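The exercises below are meant to be worked through with the coordinates open beside the text. Each one sets a task and is followed by a solution in steps.

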Amino acid sequence: MRTTVFALAASLAALASAKEKAVDMKAKAELYDSGARHEHIMALKHQTWAELDAAGVYDSTQYKKFPSSKLDYVPCTKGYASYIANDPKYTFRCNNLDLYDFKTHAELGSGSGRGAGSWGWTSPKGREFVAIAQEDGTAFAEVTKKGKLVYLGRLPQYTTAAPSLWREIKGYKSYILIGSEAVNHGVQIFDLAKLQDVDPASPKVFTNENDLDGWWNEGLPVGRSHNVVTNEEKKYGVAVGFQPRTGPLRAGLVFFDLTDPKNPKTLGGSGEDGYVHDAQCIVYRGPDRKYYGKDICYGYDEDSLTIFDVTDKQNIRIISNTSYEGASYTHQGWVLDPNWQQYLILDDEYDEYDAAGLGADGYPITYIWDISSLEKPKQTGYYKGLRRGIDHNQFVHNGFSYQSNYGLGLSILDLRSVPFDPTGKRIKEVAYFDIHPEDDNAPGGGNVTFTGTWSHYPFFPSGYIVINTMDRGAFVVKRTPASWWPF
């Protein structure tokens, strides 16, 4: 059966013009290795956020609370879900996703809000807990059986670090790893299992001095990282984008052992391709027999998809380094199936803003890659979003891509056709929830700007999805009962 699928996929891919290309080494040196493009994007974000801050947007106390005692949930009806009747500020565009709860950042214990990353954990007894990154730390909450967000407490940013909006989280068993762009922050390691004993009537403010289960910093030249990644099967964590670019590993990949999370040890790293913005590191299982069973990192390296063999942490090597037409800032991606890694998708955070390539009209692009050969990946197709905006973090679960696309909110794409048609022409958006109604009337249905949501957590067995937003707080949504697509 797989042979038939491969043959069909190959014939369809041949009909689509290939978009991958060699890395432009001149542009790489001038724009990317120098840090010029990254610094420009960060400056644009800071400018946008300063303007929003001056306008009072980040004061989350201004947003009205969700009336949980009166509403079980708000159904998405005729394309909208509203928890304050006839108020456009609380009327959200949607399709096939219902709103179960909303908590402001202030309700989640933050003094300054500004949400960033998020991650979750499901206990052996089925309780679902979520970590919500904010500028001044990480909030903890439980998602109840009825989809309500119950605040349990928070962990401030590391003691020696200043607040920072850039705060990313990944999970390792019951632990979470929290990294930040703040100098001297390191990586906080915290066991979410502690939350099982917290009384919601008395939320707990945990401390770095007494409650961290581990802390790792030795591989970070100045204690900052752009993101953290984990590989549970191989029991390690990875920091990426750890400035400065002139450091020993050039802000690439640095690995640390999590066999004992209380005592993480640096394993090695690589700066061969320079700065790595994000990555997914997993054991390779797929059609490329040469690498089957190897420890692989798919790196999203600003101007390219770079695939690393990281089996030997002291001798990491690049398998391939491939760019694509319209590449402006290769941001993040995910394999479609970790158990058979034939395809992955990636997003470019700047092509819409830069008006480059397929993203020139401002509609977010999901790029499809055939990785049947890790040495020669092919960009076989793409999906263009239905509303204008910028894409950010996406995760694939059971054949669906869950995407946080800034002001557009959460978009869910059905990718199950990709193995049969890798051009992307059969990909469909099956659901979305727009958390930023302020730009609903903009041309194309959204603004191409850096506000809204960076991340969400879509892996809870219950089907509840927590969306973390920069300005308001955290939303809980779930598939409309009558919709057909599976969890």
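**Exercise 1. A first disulfide**

Which cysteine does a disulfide join to C76? Find the partner in this predicted model, then describe the link's geometry and place in the chain.

Solution. Step one is the distance test, for which the cut-off is a pair of cysteine sulfur atoms within 2.5 Å. The partner is C94, with an S to S distance of 2.1 Å.

Step two is the handedness: the torsion about the S-S bond of C76 and C94 is about 105 degrees, so this disulfide is right-handed. Step three places the two ends, and since C76 lies in the loop between α3 (36-54) and β2 (80-82) while C94 belongs to strand β3 (residues 91-95), the pair ties together parts that are 18 residues apart in sequence.

Step four concerns exposure, where the cut-off for buried is under 20% relative accessible area; both C76 and C94 are buried.

**Exercise 2. The disulfide count and pattern**

How many disulfides does the distance rule give, and what pattern do they follow? Describe the link of C281 as well.

Solution. Applying the rule yields two disulfides. One of them is formed by C281 and C297, whose sulfur atoms are 2.1 Å apart, and with 110 degrees about the S-S bond this link is right-handed.

Because C281 lies in strand β18 and C297 in strand β19, the pair ties together parts that are 16 residues apart in sequence. The accessibility values are low enough for both ends to pass the burial test: C281 is buried, with a relative accessible area of 1%, and C297 counts as buried at 0%.

When the bonded cysteines are counted along the chain, the disulfides follow the pattern 1-2, 3-4.

**Exercise 3. An open sheet**

Work out the strand order of the five-stranded open sheet that contains β18, and follow its pairings from β18 to β21.

Solution. Begin with the order, which is β1-β21-β20-β19-β18, with antiparallel pairing. The edges are β1 (20-21) and β18 (278-283), each of which pairs on one side only.

Next, take the pairings one by one. Strand β18 pairs with β19 (residues 295-300) in the antiparallel sense over six bridges, and C281 has C297 in β19 as its bridge partner; these two cysteines are also the ones that form a disulfide.

Five bridges then join β19 to β20 in an antiparallel run, with Y300 bridged to L305 in β20. The two strands make a hairpin with four residues between them, and E302 in the turn has a positive phi of about 75 degrees.

Finally, β20 is joined to β21 (residues 317-324) by five bridges, again antiparallel, and F308 stands opposite I318 in β21.

**Exercise 4. Burial of a strand**

Why can strand β20 be called largely enclosed by the rest of the structure?

Solution. Count the buried residues of β20 (residues 305-309): five of the five are buried, so the strand is largely enclosed by the rest of the structure. Then sort the residues by direction, which puts L305, I307 and D309 one way and T306 and F308 the other way, all of them buried.

**Exercise 5. Local details**

Examine the two ends of α2 and the surroundings of V430.

Solution. At the start of α2 (residues 25-33), a side-chain oxygen of D24 comes to within 3.1 Å of the backbone nitrogen of K26. Just after the helix, G35 has a positive phi of about 85 degrees.

V430 is part of strand β29 (residues 428-433), and its relative accessible area of 7% makes it buried. The C-alpha atoms of V430 and L413 are 5.8 Å apart, although 17 residues separate them along the chain.

**Exercise 6. The overall fold**

How compact is the protein for its length?

Solution. First take the inventory, which is three helices and 32 strands. The radius of gyration is 21 Å, close to the 23 Å that the globule rule gives for 487 residues, so the protein is as compact as a globular protein of that length.

Further totals complete the description: the C-alpha atoms fill a box of roughly 55 × 50 × 45 Å along the principal axes, and 63% of the 487 residues count as buried. Among contacts between residues at least 6 apart in sequence, 59% join residues at least 24 apart. The accessible surface comes to about 17,900 Å², of which 52% belongs to carbon and sulfur atoms.

Notes: Residues are numbered from 1 along each chain as its sequence is written. This is a predicted model: local features need pLDDT of at least 70, side-chain atom pairs count only at pLDDT 80 or more; totals for chains, interfaces and linings use all residues. Side-chain values use heavy atoms; hydrogens and water are left out. A polar contact is a pair of N or O atoms within 3.5 Å; within protein, one must be able to donate a hydrogen and the other to accept it, and residues adjacent in sequence count only if both atoms are side-chain atoms. Two strands pair if DSSP finds at least two bridges between them. Buried means under 20% relative accessible area, exposed over 50%, partly exposed in between (1.4 Å probe, protein chains only). The radius of gyration is taken over C-alpha atoms; the globule rule is 2.2 Å times the number of residues to the power 0.38. Contact means heavy atoms within 4.5 Å. Accessible areas come from the Shrake-Rupley method with a 1.4 Å probe; for residues, only the protein chains shown count as cover.
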